[in-house]
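Visitor: I should like to look closely at a single part of this protein. Please take me through it step by step, beginning with any term that I shall need.

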Amino acid sequence: MKIANELYQSAHLLLHLGEDGSPIYADKFRQLNTEVTRLLNELYPVKGSSNEEEAEICLALLMGFSSAIYSVEGQEEKVQVVLDRAYAVLQELELSLLKCRLLLCCYAETRDKELMLEAKEVILSWGGRELTEEENRVMGMYNDLMRL
C-alpha cells in the first residue's frame, strides 16, 4: 500500500502542479513524471489483499495513468485491465469515500454515465452532516466532471 499511496500523492501533485499560482519548473515537472512512471510500473502487477486495498491500488493506477505525460508501454491495454479490476471491486464496496473516488476516476476514463449516477448515490448518502475536507474535494471533482 505504500507504493499506492506514493503514486496517488505524486499523481495528485502532478495533476495540480501550478494551481496554487506558484511557477512550474521544468525539472520538477520532469521529476514528477519520471516518479509517476516508475511507480506505475512497480504497482501495476500488485493485487490488493482486500477489496479496499484493491480499490486503493486501482485508484492510484488510474490517477497515475491520467497524470503521466510520458506514455507507459502498453498504456491503453493496462488502463483497460485496471478498469476491469476496478469494476469488479466496485461491486463489492460499500458506499464510501473510497468508492466515490474510484467511481469518479473510472468515469473520467470512460464517460460511462452509470458511474456518475452511482457516485451521486454515494454523495447523497453524506447528506445531513458537515463534510470532511476530502469529501468536499471529491464533491468538487464530481461537479467539475458534471460540467464536461
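Guide: Let us begin with the classes of residue: Ala, Val, Leu, Ile, Met, Phe, Trp, Tyr, Cys and Pro count as nonpolar, Asp, Glu, Lys and Arg as charged, and the others, Gly among them, as polar. With these classes, the lining of the second largest pocket has 7 nonpolar, no polar and 2 charged residues. Please keep in mind that the model is a predicted one.

The second largest pocket holds about 150 Å³ of space. Its lining consists of Tyr107, Lys113, Met116, Leu117, Lys120, Tyr142, Leu145, Met146 and Leu148. Helix H6, which spans residues 113-124, and H7 each contribute at least two of the lining residues. The greatest contribution to this lining is that of H6, with 4 residues.

We may now turn to the largest pocket, where about 500 Å³ of space is found. Its lining has 21 residues, and those nearest the centre are Leu15, His16, Met63, Cys105 and Met141. At least two lining residues come from each of H1 (2-15), H3, H5 and H7 (133-147). H7 provides the largest share, 7 residues. By class, this lining divides into 11 nonpolar, 4 polar and 6 charged residues.

Next, consider how some of these helices pack together. Two packed helices are described by the angle between their axes and the distance between the axes. For H1 and H3, the axes come within 8 Å and cross at roughly 35°, and the crossing is left-handed. On the H1 side the residues that meet H3 are Ala4, Leu7, Tyr8, Ala11, His12, Leu14 and Leu15, while H3 offers Glu56, Ile57, Leu59, Ala60, Leu61, Met63, Gly64, Ser66 and Ser67. The residues of this contact comprise 11 nonpolar, 4 polar and 1 charged.

Helix H3, residues 51-67, also packs against H5, residues 97-110, at an angle of about 35°, with the axes 10 Å apart. This crossing, too, is left-handed. Here H3 brings Glu52, Ala55, Glu56, Cys58, Leu59, Leu62, Met63 and Ser66 to the contact, and H5 brings Leu98, Arg101, Leu102, Cys105, Cys106 and Glu109. These residues divide into 9 nonpolar, 1 polar and 4 charged. Met63 of H3 and Cys105 of H5 belong to this contact, and both are listed among the residues nearest the centre of the largest pocket.

One further feature of H3 concerns charge. Side chains of opposite charge can pair when their charged atoms come close. The model contains 10 salt bridges. One of them joins Glu54 and Arg85, whose closest N and O atoms are 2.6 Å apart. This pair connects distant parts of the chain, with Glu54 in H3 and Arg85 in helix H4 (residues 75-90), 31 residues apart.

Definitions and conventions. Residues are numbered from 1 along each chain as its sequence is written. This is a predicted model: local features need pLDDT of at least 70, side-chain atom pairs count only at pLDDT 80 or more; totals for chains, interfaces and linings use all residues. Side-chain values use heavy atoms; hydrogens and water are left out. Axes are lines fitted to C-alpha atoms, for helices over the stretch in contact, and angles run from 0 to 180 degrees between N-to-C directions. A crossing is left-handed if the near helix is turned anticlockwise from the far one by less than a right angle, and right-handed if clockwise. Contact means heavy atoms within 4.5 Å. On a 1 Å grid over the protein atoms alone, a cavity is a set of points where a 1.4 Å probe fits but cannot get out, and a pocket is an open set with protein on both sides within 12 Å along at least five of seven lines; lining residues have an atom within 4 Å of a point. Grid points are joined across faces, edges and corners, and a volume is the space filled by probe spheres set on the points. A salt bridge is a side-chain nitrogen of Lys or Arg within 4 Å of a carboxyl oxygen of Asp or Glu.
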